[in-house]
Amino acid sequence: MSDKLWIFDTTLRDGEQVPGCQLNTQEKVVVAKALEALGVDIIEAGFPISSPGDFNSVLEISKAVSNPIICALSRAVEKDIDVAAQSLKFAKRGRIHTGIGVSPYHIQFKLRSTPVDIIARGVAAVKYAKRFVEDVEFYAEDAGRSEPDFLCRIIEEVIKAGATVVNIPDTTGYCLPEQYGAIIANLKNNVPNIDRAIIATHCHNDLGMATANTVAGVQHGARQVEVTINGIGERAGNTSLEEVVMAIKCHKSIPVYTGIVTPKIYQTSRLVSKLMNMPVQPNKAIVGRNAFAHSSGIHQDGVLKHRENYEIIDPKEVGVDESTIVLTARSGRAALKHHLDALGVELEGEELREVYEAFLILADSKRDIGRKDLLGLVGKFMEESNFIELEKISYSSNGQVSAQVTLKIGNETHHASSSGVGPVDAVLKAIDKIARPQVDLEEFLIQAMTNGSDDVAKVHMRLIKGEKPYYGFASNADIVLASAQAFVDALNKIPVKEYATA
């Protein structure tokens, strides 16, 4: 029978320590509610003594959510624990997470102490925290570089003192999976009272091993994993919630289960990315925009014939509507036909061969084949087109920003004007008036490509229509123009049949 694997999310504490990604209390509450809907078991809501804002965030999150345990971090210091306890006064189920460094580095150079004193301080902290809550977690900071016998001794003593969970962090991301797994196994085999506490993993990604180490820990007996959405966190980040959860789900040989509602993974990832202004790298496992994208002809043909040929996860399992077939010079006829079908152009035999040969020549000279390119290739096979071309934009500010846009849709020219909070907002609203795509702009990123005042901006947009994502890209020294071009680029990737149901 499988064991319950407790999902401890520290996005709002360890994850939020990324420079420039801090959230206010209201934003933290929004994320906490999303984590509750996702099904996490424990939310580490903050480090209350660190600032009034963190204290208030733990307080408000405790009021806002009902199902998860709300956890507050502290050092092994009575004042820290007092403040943590105060912050949890509204929690339906509260946990204090206290601890101390246990590696020779921390004991000698950070804490300037001795092993005997460290054990005494750890035990005292747990006993003091037990005055306020029954559920006390002890973290053995830098356990990944600790001495095995000493780690066993301090874990045994804090469990005697009342710790219900013992957290074994690879704080510096130093361990290899076999090393980290051995640390967990050593505790399971050599701490006599280990059955009275849950062993937790808390791994960092400095060597890219966080997920592998966490899974190794679970395989050797850990039953709580400390993770963050998108793997955010200090330095190279923390263990990624979505990676661990889906690794467990894919590998039935690991005898554990989680309560995560996996179809909510993608939307939670995007929420955190948006609120923290921290883009998800395209090739990020599970939630990156390329995680279910295929550009190789062999892969595309295989996926179109049977998804499991090249995908171990059904995109729908994590909240992604479908795989993406990207047209490149490496694409085969199956991929081209897939895109033509979406345009409403059904070609077979000699007609398809003729278009495919022309497509390969074009694809060798262009990085991204879009709808406009396909329409050009199959123009003689089509009676009409609703392709959108951005012909002209202008904007001005006289107390209020206004914009004027000219679009060509098929053979017809359209004009519209709109106002907005800024020129980009005004221009996009004007385009929306003409095209009426009925889409949600879910992601809007602007990145610098060069340096200097004449910098070129690269704009990336992600639109949602009918729960399906459509991506637009553009680059220009004029940010407003680049934004308009990216918006139109995304609109042109929406199949005709989707517009027809608007």
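**Close-up 1. The side chain of Asn492 reaches over to the backbone oxygen of Ile388, at 2.8 Å.** Keep in mind that this is a predicted model. Look for Asn492 in the loop that sits between α16 and α17 (496-500). Setting aside its neighbours within four places in sequence, Asn492 is in contact with Arg371, Phe387 and Ile388. So Ile388 turns up here both as a contact of Asn492 and as the owner of that backbone oxygen.

**Close-up 2. How much of Asn492 is left accessible?** Its relative accessible area comes to 4%. The cut-off for buried is under 20%, so Asn492 counts as buried.

**Close-up 3. Here's the open sheet of three strands, in the order β16-β17-β18.** The pairing is antiparallel. Why do β16 (440-448) and β18 (468-476) each have one side without a neighbour in the sheet? Both stand at the edges with a single partner strand, so there's nothing from the sheet on the other side. On average, neighbouring strands in this sheet are turned by 15 degrees against each other, if you ignore direction.

**Close-up 4. Zooming in on β17 and β18, we get an antiparallel pair joined by nine bridges.** Strand β17 covers residues 457-465. For one pairing to pick out by eye, take Lys458: its bridge partner in β18 is Ser475.

**Close-up 5. Helix α16 lies across β16, β17 and β18.** This helix spans residues 479-491, and the loop between α16 and α17 is where you'll meet Asn492 again. Relative to β18, α16 runs at about 145 degrees.

Note on methods. Residues numbered from 1 in each chain as written. Predicted model: local features only at pLDDT ≥ 70, side-chain atom pairs only at ≥ 80, totals over all residues. Heavy atoms only, no water. Pairing = 2+ DSSP bridges. Helix = DSSP H or I, 4+ residues; strand = E, 2+ residues; numbered from the N terminus. Axes fitted to C-alpha atoms, helices over the stretch in contact; angles between N-to-C directions. Contact = heavy atoms within 4.5 Å. Buried < 20%, exposed > 50% of the residue type's maximum accessible area, 1.4 Å probe, protein only. Polar contact = N/O pair within 3.5 Å; in protein donor to acceptor, adjacent residues only side chain to side chain.
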